[in-house]
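Here are a few exercises to work through with the model open beside you. Try each task before reading the solution beneath it.

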Amino acid sequence: MDAIAAGDAISDEKPVSKNTKNFTKSYTFRVILQGIITIWAATTFTFFLVRLLPGNPVSIRIDQLMQQGYTIEEARNQAATLFDFNPDEPMLQQYSTYMVNLVQGNLGTSITSAGTPVRDQILRFLPWTLISVGSALLISFSVGILLGIMIAYWRGGVLDNVITALASILSGIPDYVYAILIILIAGVQLQWFNVGEMRGGVTQGIPAGFTVEYISSVIKHALLPVITYLLATVGVWILSMKSSTISVLGEDYINVAKARGLSEGRILTAYVGRNAMLPLVTRLAISIGFVLSGSVIVERFFEYPGLGLQLARAVGARDYTTMQGIFLVITIGVIVSNILADLVMGWLDPRVSLEDN
Amino acid sequence: MKKLSILLAVFLLVIGAALTSVAAQQDEAPDGVWLGTWPYRLPPDHHLNAYADGGPNTNLGNVYREMVELAPAFYMWADNSYEAILAESWGFSEDGSAYELTLRSDAMWSNGDSINAMDVITTYALGRLVGWTQFDFIDTVEMVDEFTVSFGFIDEPSLLAEQLILREPLVATATYGEFAEQALALFDEGLDRESDEWSDLLVSLREYRPTEYVASGPYTYSISDVGDSFMTLSWHPNSIFSGTVQFGEIKLWAGETDSTTPLVLSGEIAHSTNVYPPTVVESYQQQGIEIVTIPRGYGPAMLFNWNVSPWDIQEVRQAVALVIERDQNAFLTNGLGAMGTVYMAGILDGNIGAMLTDDVIEQLDLYEYDLERAEALMEEAGFSRNNNGIWADADGNTISSEWIFPAEFADFAGASQDAIAQMNEFGFDISARAMPWQEVPDNIRNNTFELSVWSWGAASPFASRHFNNPLQRWVTDLDTATQPGMAIPMEAYPFNGETVNLDEMIRQMNAGVDVDAHVERAGEVALIVNQTMPYIPLNVILSAEPFNTDVIAGLPSMDDPIMLNPTGRDHFIKLSILTGVLGPAS
Amino acid sequence: MIGFETVASPVGLIIGIVCGLIPLGVGLRYGHVKAGVWGFIACAVSGFACGFLGGLPMILMATAVVFSYAYVNKQDPFTSRQSLEEVNFEETTAEYVIRQFAAFGRTLRAMGIGLVRNKGGFIGFLGIMFFAIMSIFGPLVVEYEGSPRMDRRESPQSMTLFQLPSNEFPLGLDWQGRSILSHIVYGGQTLIVTSVQAGLMATLVAVLFGSLAALLGGFVDQILSAFSNFILTIPQFPLLLVLASILTFTSNFMLAVLLAALSWPTLMRAVRAQVLSLRERDYVEAAITLDLGLYHIIVREVFPNMVSYIAINFIFAIRAAMYALVGLVILGMVPLREPDWGIMIWNAQSRGAFYNPNAMMMAFAPIVAIALFQLSLILFTRSLEEIFNPRLRRGL
């Protein structure tokens, strides 16, 4: 709320130069301001939300250890090392400390790995998530768009029937089923690959760097996660693109273009595709934002060192600081990609204007 | 003469070869690789500081930590005895005021330092700093000579304290010495946990990141050995077990139950302590993988909220015990990896012979499946069936309750779903509610439940620990002002028309060193628990662990006494790896 | 929707037969016996399935269809074969009602033809009917098995009660030794109804907010966009954990509301993007210039142009709700109630059913059911597209 008041104060001031005034009224300024407010609101909300989760790190750790067969003494001894957590400190005080640190770029230290900075955790796992889920999303989107537009254009043909049915069924099956089946059938049964070797982000022992060996190992390890993600999501993109294209196909300007004798390829790309992609670009933007949260399922089954599994673990163990750091990254990702989507929209369809009507 | 000299030559050759092979074993790592699994965490969460979460306790667990840091002794459940590891001798002092531990003088750390009494002092100085439970029993830890330490008891000598002392891995002064010195200085000044100095030292200890893992066991590792999918513990020559172990490497795959299953199937994990559901265990068997079944140390118990009517009525609880067929319940809990509870006395069936006298065991009510007896008990308690066949009290209120259980734990969920079905067939009106596992204990603590399921019993050779879970764990161990737990009146517990202080009886059970007295006190409590059924011990879960004999040889036979050890801290593989019983299959 | 929630009963059959007499009578009276008999059958079946809820509306619909065959519009010189002089353009209220009634019947006939014309769409329609019939009439044939069946354990060495399909149990046995078929037949109804409710609410909110944000722009757009961004950025899993620990519901409807409340923003932003583009089209601009009102613009201009896209997203929302619902159940928001496809999948998964061929049916039966249901819905959208967007019929 403070930020809004500050914004008003700026625009109310009279002796500002014309340029500044234009800027404060401009679309860009508004979008950025709105983004910052949303990030602040979401961070605040999350701060209190995670602390309302039932249970606390210490008691959960004791229960978990005893479930693993530890005696109560052993469990208590281990939980005693969780001294980074003080449940008695007032929430508002914790919040103000957190926000002051945050503004300085300090995300604090993890509770369940005492002394480890949250920033280090994020920097360690984020790149892997970007590599696997990020590339999978882009491939899935591109394939989906291409196939979607094709089957919409040649509606009713064999290709349409086969792909539509396939896409419907593929997208109706949850992602972990693909992960399990790939490992069990292709790995354990048919032995197309060595189950253990394909785990992790990169073959252990290869030094990191821009070497052919390292990069090819990264690609090899990302393969199974990407295939899993692709199988689970490509159907949605295909069918969305198909339906969006169908809406556009009825438009008069398409018929006009056809009457003008333009080639099918040109009609598809310049007229149909451009317009049909509008809603999908927005969707893609939201998905890009959520790429940062990783894919827990894929990471669990392939032991891929991404952010999703870390987040799931942090939520389960009530590691408040780690959770919050990761959620902050996701929030920023979603907001930024939404702003980008609005900009891309204007580029795809120049008629669109986001200024006031 | 010639024959003799040839014989002599051959003899000398053999001796020589034997000697060189022993010598070779001393400085060259053996060839074998142990293929295990533990859900370790990845760096930067993963570090080598044993006194901060995310350190060796988390990453090696109570099974593999002792491959790196040895404890003074290993416990054998078959005859309640200790096998020496780092210890030379141990025992209570003559006046019973202290416990004396002497380490063997030839043991070395991986960096070449001798393992001596100072390491014990270091271990316990930091243990006291972070607040270990050992200090509920002992208050002083003093060096007697270079290899002997004396632990002074707060009150009377305790066998429980003995176990804690002998089974606690020791850490190296080379790694933690500085912190231990500061901690000892704090204790000398008489400062307590509330002081700023104490918490400052805790903060710096928490942020401490040792770069080298100084090991007393035959294996060690550094952070660079921790990969995304597996970590490797490597052999070093300085440990007292370096010459006996047959594995040059211990390879631990990352991951929980779900993600390790394919690796067990494909033979890349030879042994795992995870709780695999019976469906998966069946698959392992079909693949020809041996399943080793050892005690697990707990089972699911049905917990009542004593504040909710009618679960505070003894007859109703007894009736519940009679209408649940426990063998079926065990099967639906964990297949053949669970056994219906036989003795219903609050002590795990496998330990009952050692903890109770035959006389007491004979007096136990076994609560065999008996609907008629249950019917009679319900009527005695003033309940009758309504028109729908549901039990109702005199005012016609039906016995309707909700049972909460953890969604993620297939065993507890299975036990609950089956028990609910069986109770409803008898005419209770029980509904089920699944929730994230973390929330079930939370609801039990806060008394915001009606019926629930959680563990009973313990992997402990002390009867009081068995009764502790769940009786004290969910009642008197809690901060009862804010957390009523199961709301059992432990201090004034109704029994045969009188009240007894059940809490005190359990607390005193294992005090002192007179084992016969322990058994006698355990018998009293067992009879009370058996008759009043404060909770229902549904079944006892076993640990059905895959053990791939194509990869690992030397699996002890099931009648080997070590196989009576439960999984976890006293797991048979720990001693078997160290002493070289287990080795690579050729 | 109504159909899915009920179970066939003999009383309903009697109601249906009684209801069916009306269209049959009308058919006999006007000499359209074939139409009358079909009307009778339609009433009988829908009455059988849903009792009065099915029988009464079907009287109206079937009678309208039968009547539309017989109706001769006296005002229309082509059908009444009267000369222009004879045509009387004044009509009484009764005549007006009759004319509208016949028109309603004709519309129904046209829709019926639209359903059948597109082969893919018709297959989808049949698929949806299959699930409806299975849920409603299945219980007459298959008995539900709720209690554990230890007696079906194959041998004392068996680790589990799972069994592969056999003649006795066409889909095999689940972890408690119960027939999987019975759980498939009984376990879809509530799940489908709740998921469709959730999908419907999410789609309505998304279309409404998306159109409003794009058409009105400015302040409204900013507020709605910020709101959707906020919902998108709230960490949903912790939110649901916290909500589940505070709120507990007894009905699934509230779960549908909750799922809808959390899932509308993605579609809303897509709709907004599309409408921003549509807003610049000539016909929408014309409508805005003519000041035809927001309702007209959204319902008449925007919606028909997006119907395929909205329909497919509606279906995805249903599918997502189907899998998300069981998540809410095991968070403890509602009591765990069997039979339910979602609970089946969860039980199978937590018991490692994927790793054992004997057990796989427990997981795959409900997953295949959900996938086939989604396939039916998606195929059915082809018919919808043709009905709503007639230009598409001619192809490009």
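**Exercise 1. Decide whether Phe412(B) is buried or exposed, then describe its ring partner.**

Step 1. Keep in mind that this is a predicted model. Phe412(B) has a relative accessible area of 0%. The cut-off for buried is under 20%, so Phe412(B) is buried.

Step 2. Now look at Trp454(B), which also counts as buried, at 0% relative accessibility.

Step 3. Compare the two rings. The centres of Phe412(B) and Trp454(B) lie 5.7 Å apart and the planes meet at 75°, so this pair is edge-to-face. The angle can be checked against the cut-off, which is over 60 degrees for edge-to-face.

Step 4. Place the pair in the fold. Phe412(B) belongs to helix α14 of chain B and Trp454(B) to strand β17 (residues 451-456), so the pair ties together parts 42 residues apart in sequence.

**Exercise 2. Work out which parts of chain B the pair Trp34(B) and Phe247(B) links.**

Step 1. Begin with the wider search: over all chains, the whole structure holds 50 aromatic pairs.

Step 2. Trp34(B) and Phe247(B) make up an edge-to-face pair, with 5.5 Å from centre to centre and 75° between the planes.

Step 3. Find the elements. Trp34(B) is in strand β1 (residues 32-37) and Phe247(B) is in strand β10 (residues 247-253), so distant parts of the chain, 213 residues apart, are linked.

Step 4. Check the surroundings. Trp34(B) counts as buried at 0% relative accessibility, and Phe247(B) counts as buried at 0% too.

Step 5. For a further look at rings in chain B, find the cluster that ring pairs build from Tyr51(B), Tyr124(B), Trp132(B), Phe135(B), Phe151(B), Tyr176(B), Phe179(B) and Tyr208(B).

**Exercise 3. Characterise the contact between chain B and chain C.**

Step 1. Count the residues: chain B brings 34 and chain C brings 36.

Step 2. Turn to area. About 2,800 Å² is buried between chain B and chain C, with 58% of it on carbon and sulfur atoms. On the chain B side, the most area is lost by Thr279(B), Phe331(B) and Arg433(B), together 22% of what that side buries.

Step 3. Look for polar links. Between chain B and chain C there are zero salt bridges, while eleven residue pairs are in polar contact.

Step 4. Assign the chain B side to elements. Among those supplying at least two residues each are α7 (257-265), α10 (326-334) and β16 (429-435). The largest share, eight residues, comes from α8(B).

Step 5. Sort that side by class: 18 residues are nonpolar, nine polar and seven charged.

**Exercise 4. Find which residues form the salt bridge between chain C and chain A.**

Step 1. Set the scene: 58 residues of chain C are in contact with 70 residues of chain A. The buried area is about 5,600 Å², and carbon and sulfur atoms give 64% of it.

Step 2. One salt bridge is counted here. Arg382(C) forms it with Asp160(A), and the closest N and O atoms are 3.2 Å apart. That fits the cut-off of within 4 Å.

Step 3. Add the ten residue pairs in polar contact. Elements giving two or more residues to the chain C side include α13 (294-330) and α15 (360-388).

Step 4. Finish with the classes on the chain C side: 33 nonpolar, 15 polar and ten charged residues.

Technical notes:
Residues numbered from 1 in each chain as written. Chains lettered and ligands numbered in written order. Predicted model: local features only at pLDDT ≥ 70, side-chain atom pairs only at ≥ 80, totals over all residues. Heavy atoms only, no water. Contact = heavy atoms within 4.5 Å. Buried area = accessible area lost by both parts, 1.4 Å probe. Salt bridge = Lys/Arg side-chain N within 4 Å of Asp/Glu carboxyl O. Polar contact = N/O pair within 3.5 Å; in protein donor to acceptor, adjacent residues only side chain to side chain. Helix = DSSP H or I, 4+ residues; strand = E, 2+ residues; numbered from the N terminus. Nonpolar A, V, L, I, M, F, W, Y, C, P; charged D, E, K, R; others polar. Phe/Tyr/Trp six-rings, centres within 6.5 Å; stacked < 30°, edge-to-face > 60°. Buried < 20%, exposed > 50% of the residue type's maximum accessible area, 1.4 Å probe, protein only.
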